[in-house]
Amino acid sequence: MKSILALLAVGLLSPSVFAEEPKPMMNVPYGSHPRQVLDFYPAASKTPTPVVFYIHGGGWRGGDKKTNPKAFLDKGISVVAINYRYVQNAVEDKVEPPVKAPLPDAARALQFVRSNAAAWNLDKKRIGATGGSAGAC
């Protein structure tokens with residue numbers, strides 16, 4: 001009986017233990033092309049959080065937004081990971097030069113995130129971008 005009371009007391013004193021973690025939003029469209037999607041991993045916070053904006057590598061011809069946001073979420077930093085149109089998609093759509101597809105997609109995704117900052121509890125002035133290879137461009 002004492003252990004049950006102790007657990008109950010801990011639960012009442014520490015409601016955050018039972019608080020639900022925010023759910024990620026996967027494949028959120030930021031444009032009309034099937035590759036113009038992003039994953040949003042919100043950090044648990046009552047105040048707007050900073051954001052890591054991740055752009056995957058792959059030479060603008062491959063790769064994917066899949067990432068593990070845990071290290072950032074543990075520090076109260078939300079994460080956005082984007083997909084973008086590949087160069088071959090731009091060639092199919094007759095975009096000249098073909099890099100006018102992936103590069104503006106990244107800018108459009110960032111603009112989309114900033115436009116949703118209030119709804120997503122983000123500090124739109126504290127966004128840091130990261131990526132490798134093409135994503136670092």
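Student: Why is Lys94 called exposed in this predicted model?

Tutor: Exposed means over 50% relative accessible area. Lys94 has 70% relative accessibility, so it counts as exposed.

Student: Where does Lys94 lie, and what is its phi?

Tutor: Lys94 lies in the loop between α3 and α4. Its phi is near 60°, a positive value in a residue other than glycine. Pro97 is found in that loop too, between α3 (87–92) and α4 (102–115), and a cis peptide bond joins it to Glu96, with omega about -20°.

Student: What makes Asn27 partly exposed?

Tutor: Partly exposed runs between the cut-offs of 20% and 50%. The relative accessible area of Asn27 is 46%, so Asn27 is partly exposed. Asn27 sits in strand β1 and has a positive phi of about 55°, though it is not a glycine.

Student: How do you know that Gln36 is buried?

Tutor: Buried means under 20%, and Gln36 has 4% relative accessibility, so it counts as buried. Gln36 lies in the loop between β1 and β2. Among the residues it touches are Tyr30, Asn83 and Arg108. A polar atom of its side chain lies 3.0 Å from the backbone nitrogen of Ser32.

Student: What makes β1 an edge strand?

Tutor: The open sheet has 5 strands in the order β1-β2-β4-β3-β5, with mixed pairing. β1 (25–29) and β5 (122–131) are its edge strands, as each pairs on one side only. β1 pairs with β2 (residues 37–41) in the antiparallel sense over 3 bridges, and there Pro29 stands opposite Val37.

Technical notes. Residues are numbered from 1 along each chain as its sequence is written. This is a predicted model: local features need pLDDT of at least 70, side-chain atom pairs count only at pLDDT 80 or more; totals for chains, interfaces and linings use all residues. Side-chain values use heavy atoms; hydrogens and water are left out. Two strands pair if DSSP finds at least two bridges between them. Helices (H or I, at least four residues) and strands (E, at least two) are DSSP runs, numbered from the N terminus. Buried means under 20% relative accessible area, exposed over 50%, partly exposed in between (1.4 Å probe, protein chains only). A polar contact is a pair of N or O atoms within 3.5 Å; within protein, one must be able to donate a hydrogen and the other to accept it, and residues adjacent in sequence count only if both atoms are side-chain atoms. Contact means heavy atoms within 4.5 Å. Lists of a residue's contacts leave out its neighbours within four places in sequence.
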